[in-house]
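Student: I've got a two-chain model open. Can you walk me through the terms people would use for it?
Tutor: Sure, let's have a look.

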Amino acid sequence: MPTSDPEIVVEDPREQEDRSPAVTTTAKVEAVVYVLLIVLALVLGYDNYRSGMGWAKDGPQSGYMPFYLCVILGSASLFGLGHLLLKRWHGSGTFVTRDQFRRVLQVFIPTFLFCFATQWLGIYVASFLLVAGFMRFVGRIAWWKSLVTSFIFALAMFVTFDIAFDVLMPKGPLEALFGY
Amino acid sequence: MEALSLLLHGFAVLITWKTLSLMMVGLLLGVFVGVLPGLGGPNGVAILLPLTFTMDPTAAIVMLSCIYWGALFGGAITSILFNIPGEAWSVATTFDGYPMAQQGKAAEALTAAFTSSFIGSFVAVLLITFVAPGIASFALRFGPPEFFAVYFLTFCSFVGLGREAKHKTIISMTLGLLLAAVGMDTISGQLRMTFGFTDLFRGVNFLVAVIGLFGISEILLTMEERLALRGHAAAIKLRVVLKVWKELPRYWVTLLRSSAIGCWLGITPGGAIAASFMGYNLAKQFDKNPSTFGKGRIEGVFAPETAAHASGTSALLPMLALGIPGSGTAAILLGGLMVWGLNPGPLLFVEHKDFVWAVIASMYLGNIVGLVIVLTTVPIFASILRVPFAAVAPMIVVSCAIGAYAIQNAMFDVWLMLLFGVVGYVFKKIGVPLAPFTLALVLGNRSEDAFRLSMIGAGGDLRVFWSNSLVGSISTLAVILLLWPLASKIFEHAGRLLRPAKT
C-alpha cells in the first residue's frame, strides 16, 4: 500500500534535552495537596461551625451542609495522605522535570504579569504586550511578525468586544486618549 | 405527534438570517477551538460565553451549542491527520484513523469520521426529541425530596462508577460543593465562608472556575509537552465523499450499535470517553478478523466516532429535562442558561417552550450545516496547526482573561481564574478528576436548596427520602451505586474465601 509522507511539519524551535533532572516526585506534590486540603477543610469547617451547623426550628442552619462537607473533605484527604505514605510513597513517578518546569513557568509568569498589567494599562494594551513578548521571546519569531500579529489581535479583540458586542473590558490610559 | 409540531415551530423560530449566520459563526469557531491544541469543547464554550451575554437567550444558546458541535467535529481532524486526539474521546479515533491517513486515505477517514459523527448525533437528537418531553412532564411531579434524590444519585454514580481512586473523586466533589456554598446563603441570607472579603460575597462563579480549570491549565500542560507536529494535509473531494456514503449501508450494524451505546452512556454522567472505547472494542470483537483493526479499517473510525457523538449529544437530554448535565460541556451550557435567568429542568419545557424547541431544532440544523462546513473546509483548518503555538498560547490566555472578566466585570475573577488554572494543572497531574468538581460547582446550590427545603418540609426527618416509592427507589439506587465498589470488593473477597472450602 502506498504510504504518504507527512505534509504538514511544525518543528519546535526550542531545543529539547531528553534527560533533564526531576524537580520533584508526584508523591511529594500529592502529599502537599492533601495537607493543604486538610488545612482548608479545618478553616472552612471552623467558619461554618461559627455560623451555626446545627438545627434551628425551621430546619438546618446555614452552616449545616458545608460543615459536613468539610468533614468529608478532611477525612478523604486524610485517607489519601495515609494511603500515600503507607503504600505508594516509593516508586512514584516524576511530577515535572526541570526542563518541563521551566517551560511551564515560561507561560505562567507572563500570564501573571499580564493580569497585573491589565489593572493599570487595560486589557487591550496588556494583551498586545503579552502576545508580542511571548511570540518574540518564547517562540523566537521575528520582531516585525510578532508586533504586527499582536497589534492586529489586540485591535480585533477591541472591535469585537467593545464595539460589536458591547462587553465592557478594563481600559487604561491609551484608550482614554482616544476617547473610549 | 405533539413533539413534531412543536419541533416544526422550533424550526420556524430558528430560520432567520441572524440566527443562521450565528450558527455558521458558532460552528466555525467550534471547529477552530477543536483543532487548536490546548483547547477543546468545554474550554471553547466557556471562553466564548461572554460573546453571547448581549444576545437574546435563544440566539445565544444556539451559537453556544454550535460551538460545541463544531468542537466535536474538529477533534476528529487532528486525530486523523496528526495522530493528536483533540479530546479524550477522540483517542479511539486515532487507532484506525491515523493509519488510514498514512496510507493516503485521509480523505476517506475524515469523511467517515464526519459522517458517523453526524449519524451518532442525529440518533441522539431523535432520542431527545421524543423522550425528553416525557421525562420532563414526569419530573413535574417531583418535589424537593425527589430532586435532592436525583442530585444525590448523580453524585453517587460519579463516585461509584468513576475509574479514578474513590477518595480523589470525593475530594474533587466536596471541594466543588463547598466552593458553590461560598457567599450568600440562598435560604437564610447569611454570609458563609467569606472571611470578610467583599469579593467573595458574590460567591465563586462557576464559569470563572471552568475557564481556569480547563483553559489556563490546558495551556500549562500543553507547554510542558514538546510542540513539534507531523501530519498530513487533506482535501476532501466530492467523489470520495460519495464513495464513502455509498458504502455506508454496509456498516449499519456498527453504526446502530455504536449509536445505542453512545446514547445510553451519554445520559449517565461522564460517558463520552467510555462510549468511544466501548464502541471501538465491540466493533472489533464482532468483526470476522479483528486483527486487521488498528491498521486502517474504516469501521475503526465509524464505531468510536458514532458512539462519542451520540453520547456527547445525549448528554444534553438530562440537562434539558432534569437540569442535570451529563457531561462537562453540558454543565457549562447549563451555567450559561442560568446567566440568562433560565432555570433548566422540567419547568423549562412548560415555561419556555419556544426556547427548548428552538434549541432542539438547532441540534438538527447545526449538525447538518456542520457536516457540510467541515467537509468543505478541512484543508483550511488543518493548516491552522502550522501557526506556531507561541502565537496561539498568549491569544488563548487573553481570551480566557476576557471571558473571566466579562462574567461579573470583576478583576478579582481574573486572579481567581489564574488560581484555578494552577489548581487544575496540579489536579490533572496527580490524578484528581475535574469532572466531578465541575458538576458539583454547578449543582451545589440547587442540591443544597433541595435538601434544606425537603428538611424544612419534613421537620428534619431524613426518612423523607424514603417516604414514597418514587423518591425511595431513587435514593436506594443512589446508595447502592455509592457502595457498589465496596460491595463488589466484599463479594470478591467472600468468593475467594469460599472457593477453597468447596474444593
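Student: How many residues does the contact take from chain B and from chain A?
Tutor: The contact takes 64 from chain B and 70 from chain A; two residues touch if their C-beta atoms, placed from the backbone, lie within 7 Å. This is a predicted model, where local features need pLDDT of at least 70, side-chain atom pairs count only at pLDDT 80 or more, and totals for chains, interfaces and linings use all residues. Residues are numbered from 1 along each chain as its sequence is written, with chains lettered from A and ligands numbered from 1 in the order in which they are written.

Student: Which helix gives the most to chain B's side?
Tutor: That's α18(B), with eleven residues; helices are DSSP runs of H or I, at least four residues.

Student: Why are α1(A) and α19(B) called oblique to each other?
Tutor: Their axes, lines fitted to C-alpha atoms over the stretch in contact, come within 10 Å and cross at roughly 125°. Angles under 35 degrees count as roughly parallel, over 145 as roughly antiparallel, 65 to 115 as roughly perpendicular and the rest as oblique. The pair is therefore oblique.

Student: Which residues meet there?
Tutor: T26(A), V29(A), E30(A) and V33(A) meet V426(B), K429(B) and I430(B).

Student: What makes chain B as compact as a globular protein of its length?
Tutor: Its radius of gyration, taken over C-alpha atoms, is 23 Å, close to the 23 Å from the globule rule for 503 residues, so the label fits. That rule is 2.2 Å times the number of residues to the power 0.38.

Technical notes. Helices (H or I, at least four residues) and strands (E, at least two) are DSSP runs, numbered from the N terminus. Axes are lines fitted to C-alpha atoms, for helices over the stretch in contact, and angles run from 0 to 180 degrees between N-to-C directions.
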